[in-house]
Amino acid sequence: MDAAKNRTATGFDRAIDIQVSRLRKKLESHGGPEMVKTVRGAGYFFVPEVERS
């Protein structure tokens, strides 16, 4: 949060959660499966499926 928005995050700051929610909606509206997983107590994990060509 400090680097992204140039402000100090608090324990109750939901700004990152809101951004991830918006990202999930955009990804899912384009037919993509769930690519952002929530890691409880740690944050988020980007887990796209990888295909070899």
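1. Start with the hairpin, where Lys-37 has Phe-45 as its bridge partner in S2. One step back along S1, Val-36 is matched with Phe-46 of S2. The two strands, S1 at residues 36–39 and S2 at residues 43–46, run antiparallel and are joined over four bridges. Keep in mind while reading that this is a predicted model.

2. The turn of that hairpin is worth a look too. Three residues lie between S1 and S2, and Gly-41 there adopts a positive phi near 80 degrees. A glycine with a positive phi also turns up elsewhere: Gly-31, just after H2, sits at about 80 degrees.

3. How much trust does the model deserve? Mean pLDDT for the protein is 80, with 77% of the residues at 70 or more. Among the elements, S1 comes out highest with a mean of 90, while helix H1, residues 2–5, is lowest at 59. Where pLDDT is low, the coordinates should not be read in detail. I'd keep that caution in mind for H1, given its mean of 59.

4. Overall layout: the protein has two helices and two strands, and along the sequence they come in the order α-α-β-β. H2 spans residues 15–29, which makes 15 residues, and from first C-alpha to last it covers 21 Å, close to the 21 Å expected at 1.5 Å a residue.

5. What does Val-20 touch, once residues up to four places away in sequence are set aside? Val-36 and Tyr-44. Val-20 belongs to helix H2, while Val-36 pairs with Phe-46 in S2, and residues 43–46 make up S2. These contacts therefore tie H2 to the hairpin, and Val-20 counts as buried at 11% relative accessibility. Between Val-20 and Val-36 the C-alpha separation is 7.9 Å, although they are 16 residues apart along the chain.

6. Buried residues are 6% of the 53 in this protein. Val-20 is one that counts as buried, its relative accessibility being 11%. The exposed surface comes to about 5000 Å², and carbon and sulfur atoms provide 53% of that.

7. On contact range: taking contacts with a separation of 6 or more, pairs 24 or more positions apart contribute 9%. The Val-20 to Tyr-44 contact is a handy one to have on screen when thinking about how H2 meets S2.

8. How many salt bridges does a search of the whole structure find? Two. One links Asp-17 to Arg-14, with the closest N and O atoms 3.1 Å apart. Asp-17 is partly exposed at a relative accessible area of 23%, whereas Arg-14 counts as exposed at 52%.

9. The other salt bridge joins Glu-34 and Lys-37, and here the closest N and O atoms are 3.9 Å apart. The cut-off is 4 Å, so this pair qualifies at 3.9 Å. Both ends count as partly exposed: Glu-34 has a relative accessible area of 46% and Lys-37 has 37%. Lys-37 thus appears twice in this note, because besides the salt bridge to Glu-34 it has Phe-45 as a bridge partner in the hairpin.

Conventions:
Residues are numbered from 1 along each chain as its sequence is written. This is a predicted model: local features need pLDDT of at least 70, side-chain atom pairs count only at pLDDT 80 or more; totals for chains, interfaces and linings use all residues. Side-chain values use heavy atoms; hydrogens and water are left out. A salt bridge is a side-chain nitrogen of Lys or Arg within 4 Å of a carboxyl oxygen of Asp or Glu. Buried means under 20% relative accessible area, exposed over 50%, partly exposed in between (1.4 Å probe, protein chains only). Two strands pair if DSSP finds at least two bridges between them. Contact means heavy atoms within 4.5 Å. Accessible areas come from the Shrake-Rupley method with a 1.4 Å probe; for residues, only the protein chains shown count as cover. pLDDT is the predictor's confidence in each residue, from 0 to 100. The expected span of a helix is 1.5 Å times one less than its number of residues.
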